[in-house]
2 protein chains.
Amino acid sequence: MQSVKDPTATRLRILQVAAGEIINNGYKAASLANILANSGVSKGALYHHFPSKLALGHAVFEELYVDRFQHFWGFPLENEAPIQALCDFFLALPSQITEDEMTQGCPVCSLAMEMSAEDECFRSQVQELFEWLCKRVQAAFVLAQQNGQLKDGVNLEASARFIVASIQGVQMQARYMEDKAKVSETLIAVVDYLKLLMR
Amino acid sequence: MQSVKDPTATRLRILQVAAGEIINNGYKAASLANILANSGVSKGALYHHFPSKLALGHAVFEELYVDRFQHFWGFPLENEAPIQALCDFFLALPSQITEDEMTQGCPVCSLAMEMSAEDECFRSQVQELFEWLCKRVQAAFVLAQQNGQLKDGVNLEASARFIVASIQGVQMQARYMEDKAKVSETLIAVVDYLKLLMR
């Protein structure tokens, strides 16, 4: 067994390689052999840190996906004019990511579809993270309302959930659309919807 | 080898059992052993009709998924007032399907996420079917426009693609949301959006 000089670094290395493997192949088809080969750690070291593939998957979600997701969405949503920032963010997005990144899409969406029905821990991790996003979008609407920018009669919670649904659908379209310009058009329609809600 | 008395019936039996297996487990985890056991056909008969698992998967899509999908969406979209019919359809949907059906969601969405990046035939099958849906929704907008029901300035193609995206997102939310009443709320928001576009 390979000696583990820095267990924290080894653990992080395993998580990062496993995240890449899950993003590329899905959780079920993710190969522990690939993770061992690409991280350069021994099987013993892997099982020392993660007793099972499922434990590794949950840790990838909790320790990498959550941070990346919150960082990605925090950028527009922590702005002091978050609805406008969200619109700008959506319009700029296609030019800021590669075509491969667009096709690959959001790993949280992929796990939501693949594992929600099969593993309660993944399901609740996914739900908690998307609920976080819904709450953040809802908070952005509340702020716009307080600033008198929102039209009357908007159901804040339902509209936030609808925005999140439309983004999840954009992710799905990005997976199968050959013409990525069409995906950008759907993003423009998301922005048009946001503008419909504003005065 | 089991004698095949009615090849057409055997073929259809295999397709139907395979569709169930793919819906329950995903394409990659679908087990040919389960399909053989549950259809009661021999391995020889299976390979006589479908030379590979991939050929079987593509045939399930082409011969079962496409019909079911077009039948499902044809109901509201062939109505003579299709936008209103679509609204009624979305509002009635949660009471017309079981909680299990809601969690399972649309098998075309599941395949879109699982197989688009890995198999060009699945990707193009999925794209063609969702493009069909976009075109049908767009045709519904055109009809509403001709009847003077649509507000000015609506981008018909982008709005149709956005509606489809939001429905795809609802499917994703249905996978992981424990509280199915929240999924119904997102559907209500889809209807509210459609109403925003109408005079």
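These exercises, with worked solutions, look at the domains, the core and the chain contact of a predicted model.

**Exercise 1.** Find which two domains chain A is divided into, and describe where they meet.

*Solution.* Begin with the bounds: domain 1 of chain A covers residues 1-51, and domain 2 of chain A covers residues 61-197. Next, take the distance between the C-alpha centres of these two domains, which is 30 Å. Then turn to the residues that touch, where twelve residues of domain 1 of chain A are in contact with eleven residues of domain 2 of chain A. Finally, consider the area buried between the two domains of chain A, which is about 920 Å², with carbon and sulfur atoms giving 61% of this area. On the side of domain 1 of chain A, the three residues that supply more than any other three are Ile23(A), Tyr27(A) and Lys28(A), and together they account for 56% of the area that this domain buries against domain 2 of chain A.

**Exercise 2.** Work out whether the side chains of Lys28(A) and Glu118(A) meet in a salt bridge, and place the result among the polar features of the domain interface.

*Solution.* The rule asks for a side-chain nitrogen of Lys or Arg within 4 Å of a carboxyl oxygen of Asp or Glu. For Lys28(A) and Glu118(A) the distance from N to O is 2.6 Å, and the pair is therefore a salt bridge. Across the interface of domain 1 and domain 2 of chain A, the rule finds two salt bridges, and it also finds five residue pairs in polar contact. Sorted by class, the side of domain 1 of chain A that touches domain 2 of chain A has seven nonpolar, three polar and two charged residues.

**Exercise 3.** Identify the residues with the most contacts inside the largest nonpolar core, and list what Phe90(A) touches.

*Solution.* The largest nonpolar core has 142 residues, and those with the most contacts inside it are Phe90 and Phe141 of chain A together with Phe90 and Phe141 of chain B. If residues up to four places away in sequence are left out, Phe90(A) touches Trp73(A), Ile167(A), Leu187(A), Val190(A), Val191(A) and Leu194(A).

**Exercise 4.** Describe the contact between chain A and chain B, going from residues to area and then to salt bridges.

*Solution.* First, chain A and chain B each bring 39 residues to the contact. Second, the area buried between these chains is about 3,600 Å², and carbon and sulfur atoms give 63% of it. Met113(A), Phe162(A) and Tyr176(A) supply 21% of the area that chain A buries against chain B, which is more than any other three residues. Third, the count between the chains is four salt bridges, and Arg123(A) and Glu178(B) meet in a salt bridge through their side chains at 3.2 Å, N to O.

Terms used
Residues numbered from 1 in each chain as written. Chains lettered and ligands numbered in written order. Predicted model: local features only at pLDDT ≥ 70, side-chain atom pairs only at ≥ 80, totals over all residues. Heavy atoms only, no water. Domains from an automatic or database assignment. Contact = heavy atoms within 4.5 Å. Buried area = accessible area lost by both parts, 1.4 Å probe. Polar contact = N/O pair within 3.5 Å; in protein donor to acceptor, adjacent residues only side chain to side chain. Nonpolar A, V, L, I, M, F, W, Y, C, P; charged D, E, K, R; others polar. Core = buried A, V, L, I, M, F, W, Y, C linked by side-chain atoms within 4.5 Å. Buried < 20%, exposed > 50% of the residue type's maximum accessible area, 1.4 Å probe, protein only.
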